[in-house]
Amino acid sequence: MILFISLVIASCVVGLVATTRSRSAQLARLARSMGCAFDKRKPSVTTQLTAGRLEFFTQFFHQYHNVFTCSDNVAFIRWADDIIYIDENPKTKPIPVTIFTAELKKRQFPQLKAAPLTSPFSRSQYALMKTNIPAIDSTYRMHTPSPAAGILFTPMMTGLFKTQTNIYLELNDNALVYHEHRLIPLEEMEAFRFRALQILGELEKLVEQLEKSNPENTATPAVTDAAPDARAMAMLQRFGAGTEPPATGGTMWRGIWFILLILIFFGVSFLSWFALRNWVGH
């Protein structure tokens with residue numbers, strides 16, 4: 001009996017530790033520190049209308065886990081773990097990636113889809129576009145229904161595609177989806193979000209400037225007046241990202257010890273009752 005109770009207590013402790021150390025539990029604490037809403041699962045990370053426009057969401061089946069949600073006067077933003085099923089073959093393993101989505105509230109992007117040549121997400125109904133930059137054209141497939149998407153290749157965006165080989169970026173109407181073809185580790189989540197906000201800040205600033213410029217001046221890329229890092233930092237501050245990552249270790253272990261003490265208390269009480277009932281009277 002004592003061995004059984006000890007095993008039950010040990011199992012409870014192990015289960016508690018596993019739960020508090022799970023990816024979902026740690027991301028939930030990170031979301032709280034950022035001031036973001038958090039859902040372990042959601043059926044969608046964008047509005048239905050937006051999901052219907054973006055090929056990334058229409059060409060594959062998605063399951064969304066660990067969903068962060070933030071919003072300000074510029075955009076509605078979510079990032080999440082996306083388990084993607086690329087076909088209906090049950091033997092095909094799903095592809096887990098961390099995605100970042102944004103829906104602008106006042107502006108629209110030119111249509112563009114960019115994916116590495118070897119990406120399972122590179123197929124598109126739109127025409128191929130060449131940038132005439134060998135470092136980009138040899139690595140990426142760019143699709144767009146209009147050559148006007150060329151305005152998106154600012155110096156910052158051109159440098160990004162020349163130096164990074166794992167970017168998926170799709171723009172349509174007011175929506176953006178971005179990922180890096182991998183599930184982002186917990187310790188890199190802040191850096192991933194910063195990179196995505198950098199891109200969003202650059203493109204949002206570009207379309208803002210294009211709206212303000214004369215139509216005849218929109219054929220060439222606009223040179224933005226603020227550094228991408230500065231704009232990304234501004235967006236981070238707007239979304240409440242100036243807080244430090246939560247110090248979860250001490251809190252977690254205090255909770256574990258508290259529950260362990262409760263389990264020990266009930267275990268000792270049960271043993272005492274059992275001994276009084278079955279041993280003392282014999």
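Trainee: What makes β1 and β6 the edges of the nine-stranded sheet?

Mentor: In this predicted model, the open sheet runs in the order β1-β2-β3-β4-β9-β8-β5-β7-β6, with antiparallel pairing. β1 and β6 each have a single partner strand, so one side of each is left without a neighbour in the sheet, and that puts them at the edges.

Trainee: How do you know that β1 and β2 pair?

Mentor: Pairing calls for at least two bridges between two strands. Strand β1 (residues 37-42) and β2 have five, in the antiparallel sense. As an example to look up, D39 stands opposite V67 in β2.

Trainee: And what makes β2 and β3 a pair?

Mentor: The cut-off of at least two bridges applies here too, and β2 and strand β3 (residues 75-85) are joined by nine, again antiparallel. Q63 stands opposite I83 in β3, and T69 has R78 as its bridge partner in β3. The two strands, β2 and β3, also form a hairpin, with three residues between them.

Trainee: Why is β2 described as largely enclosed?

Mentor: A residue is called buried when its relative accessible area is under 20%. Eight of the 11 residues of β2 are buried, so the strand is largely enclosed by the rest of the structure.

Trainee: Which strand gives the largest share of the lining of the largest pocket?

Mentor: That is β2, with four residues. The pocket has a volume of about 200 Å³. It is lined by 13 residues, and those closest to its centre are P43, S44, V45, H62 and Y64. The elements that give two or more residues to this lining are α3 (48-53) and β2 (61-71).

Trainee: How many residues of each class are in that lining?

Mentor: There are seven nonpolar, five polar and one charged. If you are sorting them yourself, remember that Tyr and Pro count as nonpolar here.

Trainee: Let's turn to charges. Why is the contact between R53 and D173 called a salt bridge?

Mentor: Side chains of opposite charge can pair when their charged atoms come close. The limit used is 4 Å between the side-chain nitrogen and the carboxyl oxygen. For R53 and D173 the closest N and O atoms are 3.4 Å apart, so the pair falls within 4 Å and qualifies. It links distant parts of the chain: R53 is in helix α3 and D173 in strand β8 (residues 168-173), 120 residues apart.

Trainee: Are R53 and D173 buried or partly exposed, and how do you know?

Mentor: Partly exposed covers the range between 20% and 50%. R53 has 28% relative accessibility, so it counts as partly exposed. D173, with 21%, is partly exposed as well.

Trainee: What makes E208 and R107 count as buried?

Mentor: Buried means under 20%. E208 is at 16% and therefore counts as buried, and R107, at 19%, also counts as buried. Their side chains meet in a salt bridge of 3.7 Å, N to O. E208 lies in helix α7 and R107 in the loop between β4 (95-104) and β5 (109-116), so the pair ties together parts that are 101 residues apart in sequence.

Trainee: How do you know that R182 and E188 form a salt bridge?

Mentor: Their closest N and O atoms are 2.9 Å apart, which is within the 4 Å limit. R182 is partly exposed at 30%, and E188 is partly exposed at 28%. Elsewhere, salt bridges that share partners join R107, E204, E208, E211 and K212 into one network. The structure holds 11 salt bridges.

Trainee: Last topic: backbone angles. What is notable about phi of N132 and of H181?

Mentor: Phi is positive in both, and neither is glycine: near 65° for N132 and near 60° for H181. N132 sits in the loop between β6 (128-129) and α5 (134-137), while H181 sits in the loop between β9 (175-179) and α7 (189-212).

Trainee: Why is N132 called exposed and H181 partly exposed?

Mentor: Exposed means over 50%. N132 has 68% relative accessibility, so it counts as exposed. H181 has 25%, so it counts as partly exposed.

Key: Residues are numbered from 1 along each chain as its sequence is written. This is a predicted model: local features need pLDDT of at least 70, side-chain atom pairs count only at pLDDT 80 or more; totals for chains, interfaces and linings use all residues. Side-chain values use heavy atoms; hydrogens and water are left out. Buried means under 20% relative accessible area, exposed over 50%, partly exposed in between (1.4 Å probe, protein chains only). On a 1 Å grid over the protein atoms alone, a cavity is a set of points where a 1.4 Å probe fits but cannot get out, and a pocket is an open set with protein on both sides within 12 Å along at least five of seven lines; lining residues have an atom within 4 Å of a point. Grid points are joined across faces, edges and corners, and a volume is the space filled by probe spheres set on the points.
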